[in-house]
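I opened this structure to look up how its nonpolar residues group, what its cysteines do and whether any backbone angle stands out. My entries follow in that order.

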Amino acid sequence: MERELKWKSYCVEIIAYWLGATLIIVAPLFKITTWITLVIIGLIILTHQALSNQLYNLVFLNLCSILIYSFRFKKEQKKEKITL
């Protein structure tokens, strides 16, 4: 029973990591604010994967990217308010 639960948990985790990568890939197909939001969500998911595998260089890279995209998101939101 415990082994089956671990296997299901592992499968859900793998699917989540693939979802994170897919979000980053399809993000440019959307409007810029949606695009940035999808990239940030994808990076958060992939950061969790990098942490669990102790890949601290990727964790640092992902955190820097999240910060940069967050600033870009704020900037794009201000632009959208001005054009409205």
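**Entry on the core.** I began with the largest nonpolar core, keeping in mind that the model is predicted, and I found that this core has 11 residues, namely Y17, L23, A27, W35, I36, L38, V39, I40, L43, I45 and I66. I then looked up which helices supply it, and noted that α1 (2-26) and α2 (32-52) each give at least two residues, while α2 gives the most, with 7 residues. As background I wrote down that nonpolar side chains tend to be buried together in soluble globular proteins.

**Entry on one core residue.** Which residues does L23 touch, if those up to four places away in sequence are not counted? I listed L38, I41, G42 and I45 as the contacts of L23, and I marked L23, L38 and I45 as members of the core described above.

**Entry on the cysteines.** I next looked for disulfides, having noted that a disulfide is a covalent bond between the sulfur atoms of two cysteines. With sulfur atoms required to lie within 2.5 Å, the count came to 0 disulfides. I also checked accessibility: C11 counts as partly exposed because its relative accessibility is 28%, and C64 is likewise partly exposed, with a relative accessible area of 29%.

**Entry on a backbone angle.** Where does Q54 lie in the chain? I placed Q54 in the loop between α2 and α3 (56-83), and I recorded for Q54 a positive phi of about 55°, although this residue is not a glycine. Is Q54 buried or exposed? I entered Q54 as exposed, because its relative accessible area is 57% and the cut-off for exposed is over 50%.

Definitions and conventions. Residues numbered from 1 in each chain as written. Predicted model: local features only at pLDDT ≥ 70, side-chain atom pairs only at ≥ 80, totals over all residues. Heavy atoms only, no water. Core = buried A, V, L, I, M, F, W, Y, C linked by side-chain atoms within 4.5 Å. Buried < 20%, exposed > 50% of the residue type's maximum accessible area, 1.4 Å probe, protein only. Helix = DSSP H or I, 4+ residues; strand = E, 2+ residues; numbered from the N terminus. Contact = heavy atoms within 4.5 Å.
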